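Let's take a walk through this protein together. Have the sequence and the 3D view ready, and follow along as we go.

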Amino acid sequence: MADMSDDEAIIIEAFSQNGSRKHIGPVAFNRIELNAILRVYGQMVATGEWRDYAIDHLDDRAVFSIFRRTAEIPLYRVEKNPKLASRQGAYSVIAASGLILKRGKELRNVLKVFDKKLFKIV
């Protein structure tokens, strides 16, 4: 058998015996995804609605949690779950109650759920 590069060996190792991909390492947001999330976050901080955030990179999903105050439970969670990418979409916005506010395949469309909150009629 010909010599394999390290990259080829990793790709081969990433597939199980039945051909489905195995997940290697934690799920993370990429730079483009983080920029989109932080743009919305910055707008809400400017209005005084949100004050803190946390990012978790778990084995099955990445979570961006949004807080009104640091010591509270998150008001919202923006989640990236690659296992749901082909079905319902990898991205979702979840309220503190656990209610899924929006889910989809494109992050920018999912984040539009916050656009309604940006323009309050006073």
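Asp60, Arg61, Arg77 and Glu79 are tied together in a network of salt bridges. Keep in mind that this is a predicted model. Start with Arg61: its salt bridge with Asp60 has the closest N and O atoms 3.1 Å apart. Arg61 also meets Glu79 in a salt bridge, at 3.5 Å from N to O. That second pair links distant parts of the chain, since Arg61 sits in the loop between β1 and β2 while Glu79 is in strand β3, 18 residues apart. Glu79 then reaches Arg77, with the closest N and O atoms 3.1 Å apart. In the whole structure, a search turns up five salt bridges.

So which members of the network are buried, and which are partly exposed? Glu79 counts as buried because its relative accessibility is 8%, under the 20% cut-off. Arg77, at 26%, is partly exposed, and Asp60 is partly exposed too, at 30%.

Now for the inside. Nonpolar side chains tend to be buried together in soluble globular proteins. Here, the largest nonpolar core has 22 residues, and Trp50, Ile66, Val78, Leu111 and Phe114 have the most contacts inside it. Helix α2 gives the largest share, five residues. Try clicking on Leu111: leaving aside neighbours within four places in sequence, it touches Ala36, Ile37, Val40 and Val78.

Finally, look at the outside. Leu38, Tyr53 and Ile55 make a nonpolar patch on the surface, with about 230 Å² of accessible area together. Ile55 belongs to strand β1 and is partly exposed, at 34% relative accessible area.

Conventions. Residues are numbered from 1 along each chain as its sequence is written. This is a predicted model: local features need pLDDT of at least 70, side-chain atom pairs count only at pLDDT 80 or more; totals for chains, interfaces and linings use all residues. Side-chain values use heavy atoms; hydrogens and water are left out. Patches are made of residues with over 30% relative accessible area and no salt bridge: like charges are joined within 9 Å, nonpolar side chains (Val, Leu, Ile, Met, Phe, Trp, Tyr) within 5 Å. Accessible areas come from the Shrake-Rupley method with a 1.4 Å probe; for residues, only the protein chains shown count as cover. A salt bridge is a side-chain nitrogen of Lys or Arg within 4 Å of a carboxyl oxygen of Asp or Glu. Helices (H or I, at least four residues) and strands (E, at least two) are DSSP runs, numbered from the N terminus. Buried means under 20% relative accessible area, exposed over 50%, partly exposed in between (1.4 Å probe, protein chains only). A nonpolar core is a set of buried Ala, Val, Leu, Ile, Met, Phe, Trp, Tyr and Cys residues joined through side-chain atoms within 4.5 Å. Contact means heavy atoms within 4.5 Å.
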